[in-house]
Amino acid sequence: MAKNDWKIAKEAIEEFNNIFIFHHIRPDGDCLGSQFGLRELIKLNYPEKNVFVFGDQGILFPFLKWDFDKFDEVDKKYFKNSLGIVVDANESNRIQYANYILDKNFTKMLRIDHHPNDPDIKYDYTWEDHTFAASAEQIGYIAMNAKWKINQKAAKYIYLGINTDSGRFQFDSVAKRTFDVMSYLHNAKDFKVWDINLPLSYKDERKVKFSAYVLLNYKKQGKVLYFHVTKKIQRKFKLSSDEANDVGVLSNIGDCRVWVFFIDLPDGNIRARVRSNSVWINKVCEKYKPGGGHEMAAGAMVHNKKEMKQLINDLESEIKKYESNNN
Ligand code: AMP
């Protein structure tokens, strides 16, 4: 169920002079595109406001500019009359630099999110709607409805978010509204999807070889496909745990309903990236803490082979339940 609508976000933004935008840990195109797209829109439409962005993008999307602000370099006067905004996330353990929020630096907090989770942070304003294909679609939707001006820079960031989180307009969540927002983005002078599509389409040779290996070596249990990206495999292909993570390589092969990447992290935990084409998987993922996400795209944390096996068994049971209810 959606909580509130775009107007609450616009009203909150209009109320405060100083705005601080956060993204989630292990950032992706959507949280980064939402964060920087919103920053550009606010700068363009409310030039008197001060906008700051916290976080980092690591090695992602080098074809766009990611000029983050540093908390320690922000003059304390800007924390007065301030609004902290979390885009594409909600819980403190999912937010990069959540400590700045938990330390109560901001006057009020706003959440703009398309995840159906109940957070531990008390937001003063929330616009949560899991029917949106991307948080960036929500940002574009605010701008479209508020009749904000848009420029090429903002449109590029927002499009990056929509493109990546909708699997290039393939997923179930894509709707007429997604294309209405896309049409609105094209009001920006000189904006072309090609300018994002082309750099996104370049393939790293190491990843191509890794994908080929995954396709030849994945495992199957019932209608669950899975692959364990061990540290040894990361070394073999010279890829980090953040690079050897494209769970989409296993999508929709044969009769599978769910596919999983287990990725060994440097800290010894094993990150599970779970995807589905039919069965809802986020409740299963929530059991493996911290875990959760969308109905058909979620994540979880496991610690050893036994827990990996348990997660696969749980996913298999969920598929069986789904199939017996849908026959
Ligand atoms: P990922 O596999 O990291 O791309 O995550 C897929 C979706 O699940 C994203 O929307 C994430 O925000 C969400 N997600 C991933 N891991 C977690 C987690 N540990 N807790 C809550 N949500 C998660």
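Start at the ligand: select the shell of residues around it, and you will find three nonpolar, six polar and four charged ones. Keep in mind as you look around that this is a predicted model.

**Stop 1: the ligand**

Of the 13 residues around the ligand, label R94, H115, R271, R273 and P290, which come nearest. Now show side chains and look for oxygen atoms of the ligand. One lies 2.9 Å from an N or O atom in the side chain of R94. For the side chain of R275, the distance from a ligand oxygen to an N or O atom is 3.0 Å. At the side chain of H294, a ligand oxygen is 3.1 Å from an N or O atom. How much of the ligand does the protein bury? On its own the ligand exposes 480 Å², and the protein buries 89% of that. To see which elements give two or more residues to this shell, colour β9 (270–276), β10 (292–293) and β11 (297–302).

**Stop 2: helix α11**

Next, select residues 305–325, which form helix α11. This helix has 21 residues and reaches 30 Å from its first C-alpha to its last, close to the 30 Å expected at 1.5 Å a residue. Zoom in on the N-terminal end, where N304 acts as a cap: one of its side-chain oxygens lies 3.2 Å from the backbone nitrogen of K306.

Which residues of α11 are buried? Select M308, L311, I312, D314, L315, E316, I319 and E323. Their cover includes the strands β6 (219–221), β7 (224–229), β8 (258–264), β9 and β11, along with α10 (282–286). Two of these elements, β9 and β11, should still be coloured from the ligand stop.

**Stop 3: V258 in strand β8**

Move on to V258, which sits in strand β8. Is V258 buried or exposed? It counts as buried because its relative accessibility is 0%. Leaving aside neighbours within four places in sequence, V258 is in contact with K223, V224, L225, V274, R275, S276, I281, L315 and I319. You have already met some of these: R275 at the ligand, and L315 and I319 among the buried residues of α11. For a longer view, draw a line from V258 to I139; the two are 119 residues apart in sequence, and their C-alpha atoms are 30 Å apart in space.

**Stop 4: helix α5 and N163**

Now select residues 152–165, helix α5. Its end C-alpha atoms are 20 Å apart, which agrees with the 20 Å that 14 residues should span at 1.5 Å a residue. Helix α5 is mostly covered, with 10 of its 14 residues buried. Among them are A154, Y157, L160, I162 and D165. The elements covering the buried residues include α2 (29–45), α4 (135–145), α6 (176–185) and α7 (194–201).

Pick out N163 in this helix. It counts as buried because its relative accessibility is 5%. Beyond its neighbours within four places in sequence, N163 is in contact with R168, N197 and L200. Just after α5, look at G167, which takes a positive phi of about 55 degrees.

**Stop 5: A134**

Finish at A134, in the loop between β5 (125–128) and α4. A134 is buried, with a relative accessible area of 0%. What does A134 touch, not counting residues up to four places away in sequence? Select D30, H114, G161, I162 and D165. G161, I162 and D165 are buried residues of α5, from the previous stop. Last, find S251: A134 and S251 are 117 residues apart in sequence, with 19 Å between their C-alpha atoms.

Definitions and conventions: Residues numbered from 1 in each chain as written. Predicted model: local features only at pLDDT ≥ 70, side-chain atom pairs only at ≥ 80, totals over all residues. Heavy atoms only, no water. Near = heavy atom within 4 Å. Polar contact = N/O pair within 3.5 Å; in protein donor to acceptor, adjacent residues only side chain to side chain. Areas by Shrake-Rupley, 256 points an atom, 1.4 Å probe, with all protein chains shown as cover. Helix = DSSP H or I, 4+ residues; strand = E, 2+ residues; numbered from the N terminus. Nonpolar A, V, L, I, M, F, W, Y, C, P; charged D, E, K, R; others polar. Expected span 1.5 Å × (residues − 1). Buried < 20%, exposed > 50% of the residue type's maximum accessible area, 1.4 Å probe, protein only. Contact = heavy atoms within 4.5 Å.
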